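The account below is meant to be read alongside the sequence and the coordinates. It moves from the chain as a whole to individual strands, charged pairs and single residues.

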Amino acid sequence: FACSNGAEAYTLASSLRSAVPDVAFDIQASDLHPEMVDKARAATYSVDEVHHVEDITPDFIDATFDRVGDRYVVKPEIRERVSFSQASLLSRELSQQFKPADIVVAQNVLFHLDPPAATLAFENLVGLLKPRSALLVEGMDLDLRLRLTRAHQLHPLAYQHREIYERSRSHVSLEWWRHYYGAEPYSVL
């Protein structure tokens, strides 16, 4: 959810396809803004858009894109795994628009919402989970996330905790204490 220009959805599809080529999967992505859905569906990116992430590798670029002039176009075999639609996380009909999923992702979107709206969005996301599934939420009021996680009896992921924690801070400024969703640097003390 909140897929923006589609880069994250295509990245997930490319990574899954490379890591587990025999596994069938599809990714349903959405954004609130129709112009972003159109951009995502186009699957065409500038050099700056592709290279703005410092740890993107040439192997990933080769596996994910075809170079067409000065643009990068997502390969057809990756595009066919991803669909895009317009949707609001605040819609009470969200569970009718999307089927239950094994993994639900909402990265760096809930911090844009006030607590009542973020609560509704979180409730909607939980409503899309299959039994024994994963909810990946980053970028929301930390106390609210903790309260809602406990209320739904969700259990935090223990796998590669430190790596996930440190990567999730990439959208938080060095002045993390100035942001209500900003987690401090990882510490084992």
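The following paragraphs describe a predicted model, beginning with its overall make-up.

The protein chain contains nine helices and seven strands. Of its 189 residues, 35% are buried. The accessible surface of the protein chain amounts to about 12,100 Å², and carbon and sulfur atoms account for 54% of that surface. Contacts that span long stretches of sequence are well represented: among those between residues at least 6 apart in sequence, 68% join residues at least 24 apart.

Strand β1 offers a starting point for the interior. This strand covers residues 27-31, and four of its five residues are buried, so β1 is largely enclosed by the rest of the structure. Its partner is strand β5, residues 82-86; the two run parallel and are joined by five bridges. Within this pairing, Gln28 is placed opposite Ser83 of β5.

Just ahead of β5 lies Arg81, in the loop that connects α5 (76-79) to that strand. Does this arginine count as buried or exposed, and what is the nearest side chain of opposite charge? Arg81 is buried and yet forms no salt bridge; the nearest side chain of opposite charge is that of Glu80, 4.5 Å away. That distance lies outside the limit for a salt bridge, which requires a side-chain nitrogen of Lys or Arg within 4 Å of a carboxyl oxygen of Asp or Glu. The side chain of Arg81 does, however, reach the backbone oxygen of Phe25 at 3.4 Å. Leaving aside residues up to four places away in sequence, Arg81 touches Ala13, Val23, Ala24, Phe25, Asp26 and Ile27.

Attention now turns to charged residues that do find a partner. Side chains of opposite charge can pair when their charged atoms come close. The structure holds four salt bridges, and three of these are described here, each with the exposure of its two members. In one of them, the side chains of Glu49 and Lys39 meet at 3.3 Å, N to O. This pair links distant parts of the chain, with Glu49 in helix α3 (residues 47-51) and Lys39 in helix α2 (residues 34-42), 10 residues apart. Glu49 is partly exposed, its relative accessible area being 28%, and Lys39 is likewise partly exposed, at 22%.

A further salt bridge brings together the side chains of Lys130 and Asp102, at 3.6 Å, N to O. Here too the pair links distant parts of the chain: Lys130 belongs to strand β7 (residues 129-138) and Asp102 to strand β6 (residues 101-107), and the two are 28 residues apart. Lys130 has a relative accessible area of 35% and is therefore partly exposed; Asp102, at 47%, also counts as partly exposed.

The side chains of Asp66 and Lys75 form another salt bridge, at 2.8 Å, N to O. Its members fall into separate exposure classes: Asp66 is partly exposed, with a relative accessible area of 30%, whereas Lys75 is buried, at 15%.

The pair Glu49 and Lys39 also leads to Asn5, a residue in the segment before α1 (7-19). Asn5 touches both Lys39 and Glu49, and also Met36, Ala40 and Tyr45, not counting residues up to four places away in sequence. The relative accessible area of Asn5 is 17%, so this residue is buried. Its side chain reaches the backbone nitrogen of Ala7 at 3.0 Å.

The backbone itself deserves a final look. Most residues other than glycine have a negative phi, and most peptide bonds are trans. Where do Ala43 and Gln153 stand in this respect? Ala43, although not a glycine, has a positive phi of about 55 degrees. Gln153, also a residue other than glycine, has a positive phi near 55 degrees. Their surroundings can be set side by side. Ala43 is located in the loop between α2 and β2 (44-46) and is buried, with a relative accessible area of 0%. Gln153 is located in the loop between α8 (142-151) and α9 (161-168) and counts as exposed, at 65% relative accessibility.

Key
Residues are numbered from 1 along each chain as its sequence is written. This is a predicted model: local features need pLDDT of at least 70, side-chain atom pairs count only at pLDDT 80 or more; totals for chains, interfaces and linings use all residues. Side-chain values use heavy atoms; hydrogens and water are left out. Buried means under 20% relative accessible area, exposed over 50%, partly exposed in between (1.4 Å probe, protein chains only). Two strands pair if DSSP finds at least two bridges between them. Lys and Arg count as positive and Asp and Glu as negative; His and the chain ends are not counted. A polar contact is a pair of N or O atoms within 3.5 Å; within protein, one must be able to donate a hydrogen and the other to accept it, and residues adjacent in sequence count only if both atoms are side-chain atoms. Contact means heavy atoms within 4.5 Å. Accessible areas come from the Shrake-Rupley method with a 1.4 Å probe; for residues, only the protein chains shown count as cover.
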